[in-house]
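Hi everyone, thanks for making the time. I'd like to walk you through one model today, so let me put it on the screen.

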Amino acid sequence: MLNDIYNKRIIELAGNIPRLGRLPSPDASATAHSKLCGSTVKIDLAMDGHVVTDFAHDVKACALGQASSSIMAAHVVGSTAEELRALRETVRKMLKENGAPPADAKWADIAALEPVRDYKARHASTLLTFDAVVDAIGQIEAKSGKTEDAPA
């Protein structure tokens, strides 16, 4: 089991997490926690309209949560709210419904997380950063009145 999910690429990603820390004045902050393993990811997000302009995070997680956070931090700035929501859904489906990893080359490293699919107890920690980012996007949209459910 350990060799399957804690492969070389996962360990490399977990050991080199960009954008660690907190933003001085984020548009929103969100925390995601796995009750099963105790992993926690706190993220800060700044956006201009629907585009992420800055990101930082505090990652207290297992190697899978660290690897996911590393991938997110490397590519989140410049991404859109719609793209990040779709990404979270793609990763969820990859883990829980035998879906494919993201087709976009930008997010290609997520394929390294594919072996986690067979270990349900590891899904939550792998999804933490994706859930926190989508939560923060929702907070920002709610403040601006631009949620999908509310009129702009």
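Let's start at the hairpin of β1 and β2, where six residues lie between the strands and G38 takes a positive phi near 90 degrees. Before going further, a word on the source: this is a predicted model, where local features need pLDDT of at least 70 and side-chain atom pairs count only at pLDDT 80 or more, while totals for chains, interfaces and linings use all residues. Residues are numbered from 1 along each chain as its sequence is written, and side-chain values use heavy atoms, with hydrogens and water left out.

When I say helix or strand, I mean DSSP runs numbered from the N terminus: H or I of at least four residues for helices, E of at least two for strands. Two strands pair if DSSP finds at least two bridges between them.

In that first loop, between β1 and β2, you will find K35. Is K35 buried or exposed? K35 is exposed, at 79% relative accessible area; the cut-offs are under 20% for buried, over 50% for exposed and partly exposed in between, with a 1.4 Å probe and protein chains only. The C-alpha atoms of K35 and L128 are separated by 11 Å, with their positions 93 residues apart along the chain.

Now to the strands themselves. β1 and β2, residues 40–48, pair in the antiparallel sense over six bridges. Within that pairing, S29 stands opposite D44 in β2, and A28 has L45 in β2 as its bridge partner.

The next pair, β2 and β3, is also antiparallel, with nine bridges. Here V41 stands opposite V59 in β3. These two strands form a hairpin too, with two residues between them, and G49 in the turn has a positive phi of about 65 degrees.

Put together, the three strands make an open antiparallel sheet in the order β1-β2-β3. Which strands stand at the edges? They are β1 (28–33) and β3 (51–60); each has a single partner strand, so one side of each is left without a neighbour in the sheet. On average, neighbouring strands here are turned by 20 degrees against each other, direction ignored. For angles, axes are lines fitted to C-alpha atoms, for helices over the stretch in contact, and the angles run from 0 to 180 degrees between N-to-C directions.

Helix α5, residues 123–144, packs on this sheet and touches β1, β2 and β3, its direction making about 40 degrees with that of β2. By touching I mean contact, that is, heavy atoms within 4.5 Å.

Let me zoom in on β1. Its covered face is A28, A30 and A32, and its uncovered one is S29, T31 and H33. A28 is buried, at 3% relative accessible area. Leaving aside residues up to four places away in sequence, A28 touches I43, D44, L45, A136, Q139, I140 and K143.

What about the core? A nonpolar core here is a set of buried Ala, Val, Leu, Ile, Met, Phe, Trp, Tyr and Cys residues joined through side-chain atoms within 4.5 Å. The largest one has 42 residues, and those with the most contacts inside it are I43, L45, M72, L84 and I110. Two or more residues each come from α2 (8–15), β1, β2, β3, α3 (63–75), α4 (81–96) and α5. The largest share, eight residues, belongs to α5.

M72 is a nice one to click on: not counting residues up to four places away in sequence, M72 touches F55, L84, L87, W107, T129, F130 and V133.

M72 also takes us to the helix pair, since L64, G65, S68, S69 and M72 in α3 meet S125, T126, T129, F130 and V133 in α5. The axes of α3 and α5 come within 6 Å and cross at roughly 35 degrees.

Last stop, the cysteines. How many disulfides does the structure hold? Zero, taking a disulfide as a pair of cysteine sulfur atoms within 2.5 Å. For C37, the nearest cysteine sulfur is that of C62, 4.9 Å away, which is too far for a bond. C37 counts as partly exposed because its relative accessibility is 37%, and C62 also counts as partly exposed, at 22%.

That's the tour. Happy to rotate the view for anyone who would like another look.
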